[in-house]
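Student: Could you walk me through this structure? I'd like to go contact by contact.

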Amino acid sequence: DLELHLQRCQQLSVTVLTDHQDLSNTELKTITNGTAPQQYRIRAKLRTYKPQKLHQSVKLHCSKCNSLQEVPDRDDFDFILRGSAGTAPNPELHNTSWYESVTWTTQDQKQREIAIHFVKRDEMLQHPEDTLLMIEGGTLKEIWKLSKRFKCVIPVRSTEDDLELLDLSAPFLLQGNVKYYGCKQCSTPKPMKNLSSLAAEQQSSWEPTEIAQVLGIELLQYVFVMKFTLVDETGALNAYLFDY
């Protein structure tokens with residue numbers, strides 16, 4: 001894997017880090033004094049690389065404002081869910097023309113109220129593997145269970161007038177094991193009734209980009225970012241890897 005490869009690179013005295021076999025080798029000093037963009041072939045040692053742990057290389061990137069941020073962890077999501085569970089589902093928002101609702105109270109000490117709203121497609125309920133649902137009051141464990149069985153899960157909470165997304169520090173959508181996030185700076189979250197336009201379409205397949213668009217969310221993309229410091233006898237050069 002990449003981590004073993006990088007360790008091996010550090011152990012070798014000299015490593016060829018680029019291709020371009022038709023080009024002659026260029027000293028790092030020449031590159032740093034030159035103007036970009038240019039194409040070079042170098043021979044250099046890998047002195048350091050960051051981050052040291054590969055899972056830390058995965059970030060969230062907004063293509064609109066070009067911001068780069070850390071992927072929130074389970075504890076962040078859990079904290080937001082616990083906060084939203086304090087708001088009881090609004091029964092006036094249940095069983096509309098475009099979703100059917102099921103509610104129950106948990107048997108634990110807290111006796112949480114949970115509501116699940118199953119979105120219809122062209123006024124019909126779908127098979128679980130094709131269904132988008134919205135959940136109020138669910139725990140992290142319950143949401144993970146639902147995301148394994150149903151195609152899309154959107155955590156929501158009630159207002160007086162409509163259902164709305166949670167804080168954008170939480171994923172606004174879960175599909176299987178993938179969590180989708182929105183940019184706090186560039187998004188203008190809209191109420192969940194905007195999903196009804198997608199629900200009315202016969203052929204829509206609940207694509208995250210489509211869902212994000214109708215909900216006013218600027219979708220963040222997962223990116224892989226690393227920094228390498230390369231050295232030769234003439235100087236040092238920082239090389240950055242950025243890829244979707």
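Tutor: Sure, let's begin with a pair of charged side chains: R157 and E164 meet in a salt bridge, 2.9 Å from N to O. A salt bridge here is a side-chain nitrogen of Lys or Arg within 4 Å of a carboxyl oxygen of Asp or Glu. Keep in mind that this is a predicted model, where local features need pLDDT of at least 70, side-chain atom pairs count only at pLDDT 80 or more, and totals for chains, interfaces and linings use all residues. Residues are numbered from 1 along each chain as its sequence is written, and side-chain values use heavy atoms, with hydrogens and water left out.

Student: Are R157 and E164 buried, partly exposed or exposed?

Tutor: Buried means under 20% relative accessible area, exposed over 50%, and partly exposed in between (1.4 Å probe, protein chains only). R157 comes out at 25% and E164 at 30%. By those cut-offs, R157 is partly exposed, and E164 is likewise partly exposed.

Student: How many salt bridges does a search of the whole structure find?

Tutor: Another of them joins the side chains of K59 and E70, at 2.7 Å from N to O. The search of the whole structure brings the count to five.

Student: Which strands do K59 and E70 tie together?

Tutor: Strands (E, at least two residues) and helices (H or I, at least four) are DSSP runs, numbered from the N terminus. K59 is buried at 15% relative accessible area, whereas E70 is exposed at 52%. The two residues are eleven apart in sequence, so their pairing links strand β3 (residues 58–61) to strand β4 (residues 68–70).

Student: Which helix holds both R82 and D78?

Tutor: Their side chains form a salt bridge too, 2.9 Å from N to O. R82 is exposed, at 54% relative accessibility. The two sit four residues apart, about one turn, in helix α3 (residues 74–84).

Student: Which residues touch the most other members of the largest nonpolar core?

Tutor: A nonpolar core is a set of buried Ala, Val, Leu, Ile, Met, Phe, Trp, Tyr and Cys residues joined through side-chain atoms within 4.5 Å. The largest one has 26 residues. At least two of its residues come from each of β7 (132–136), β8 (152–158), β9 (163–165), α5 (196–199) and α6 (208–214). The members touching the most others are M134, I154, L195 and I211.

Student: How many residues are in the other core?

Tutor: That core lies apart from the largest one, and its members include F77, I116, I143 and L146. Its count is 16 residues.

Student: How many disulfides are there?

Tutor: A disulfide needs a pair of cysteine sulfur atoms within 2.5 Å. For C65, the closest cysteine sulfur is in C186, and their 3.7 Å separation is too far for a bond. The count is zero.

Student: How far apart are the centres of domain 1 and domain 2?

Tutor: The bounds come from an automatic or database domain assignment. Domain 1 covers 19–64 + 223–243, and domain 2 covers 72–173 + 188–216. Taken over C-alpha atoms, the separation of their centres is 43 Å.

Student: Where does pLDDT stay under 50?

Tutor: pLDDT is the predictor's confidence in each residue, from 0 to 100. The protein chain averages 89, and 91% of the residues score at least 70. The stretch you're after has 16 contacts (heavy atoms within 4.5 Å) beyond four places in sequence. It is residues 9–17.
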